[in-house]
Amino acid sequence: MNLTWSHAVLYVRDQDKMLDFYTNVLGFEITDRGPIGENAPEILFLSQNPDEHHQIAMIATRADEDPPNSLNHVAFRTGAFEDVKALYEKLQALDGINVGPLSHGNTLSIYFNDPEGNGIEVFWDTPWHVAQPQGKPWDITMDQAQALAWVQENFGEETTFEPREAYYARRHQA
Ligand SMILES: [Fe+2]
């Protein structure tokens with residue numbers, strides 16, 4: 001068996017607001033929608049991966065007012081360092097959204113909340129692997145070369161720090 005990440009389904013309170021955030025801010029498209037049964041609420045399917053029917057789905061039946069406690073965060077990989085910086089800027093301008101940069105050594109990530117408080121991580125892979133868990137805030141104003149030099153300075157002394165190809169080659173052999 002080989003399980004890879006597919007999707008998360010969220011119960012939401014304000015479907016219009018959540019849909020606006022996931023489509024207009026994060027760039028997802030609606031791939032399907034419809035009631036989950038007779039006289040039942042609608043489920044909305046969202047994706048931006050052409051190989052994935054949905055990466056996020058939402059059902060507007062959430063009634064409680066407390067922050068979500070069953071989900072820490074969902075995480076999405078992006079292929080370009082600049083995407084992380086651009087999204088940070090975009091999110092910073094939005095009321096009610098808190099965003100912060102955090103690097104795990106193997107990623108340069110930003111963490112933020114959606115309009116209903118669900119945690120989200122968007123990250124760019126660094127060329128390295130290092131044992132987890134660990135994280136340090138990084139300066140989002142750095143360019144890619146500066147950020148990579150910073151990662152090397154901050155994580156490079158660790159015994160588990162190595163090129164990501166080396167780590168994943170071993171994982172494939174296991
Ligand atoms: Fe994460």
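These legends accompany close-up views of salt bridges in a predicted model. A search of the whole structure turns up four of these contacts.

**View 1. Arg33 and Glu42 form a salt bridge.** Look here for the closest N and O atoms of the pair, which sit 2.9 Å apart. Arg33 is partly exposed, with a relative accessibility of 45%. Glu42 also falls in the partly exposed class, at 26% relative accessible area.

**View 2. Arg164 and Asp125 meet through their side chains.** The N to O distance in this salt bridge is 3.7 Å. Arg164 belongs to helix H4, which covers residues 164-173, while Asp125 is part of strand E8, residues 119-125, so the contact ties together parts that lie 39 residues apart in sequence. Are these two residues buried or exposed? Both Arg164 and Asp125 are buried.

**View 3. Arg77 joins Asp125 and Arg164 in a network of salt bridges.** This view takes the pair from View 2 and adds a further residue. Which residues should you find linked here? They are Arg77, Asp125 and Arg164. As you trace the network, recall that Asp125 lies in strand E8 and Arg164 in helix H4.

**View 4. Glu162 pairs with Arg170 in a salt bridge.** The closest N and O atoms of these two residues are 2.8 Å apart. Glu162 has a relative accessible area of 16% and is buried, because the cut-off for that class is under 20%. Its partner Arg170 is partly exposed instead, with a relative accessible area of 46%. This salt bridge therefore brings together a buried Glu162 and a partly exposed Arg170.

Technical notes:
Residues are numbered from 1 along each chain as its sequence is written. This is a predicted model: local features need pLDDT of at least 70, side-chain atom pairs count only at pLDDT 80 or more; totals for chains, interfaces and linings use all residues. Side-chain values use heavy atoms; hydrogens and water are left out. A salt bridge is a side-chain nitrogen of Lys or Arg within 4 Å of a carboxyl oxygen of Asp or Glu. Buried means under 20% relative accessible area, exposed over 50%, partly exposed in between (1.4 Å probe, protein chains only). Helices (H or I, at least four residues) and strands (E, at least two) are DSSP runs, numbered from the N terminus.
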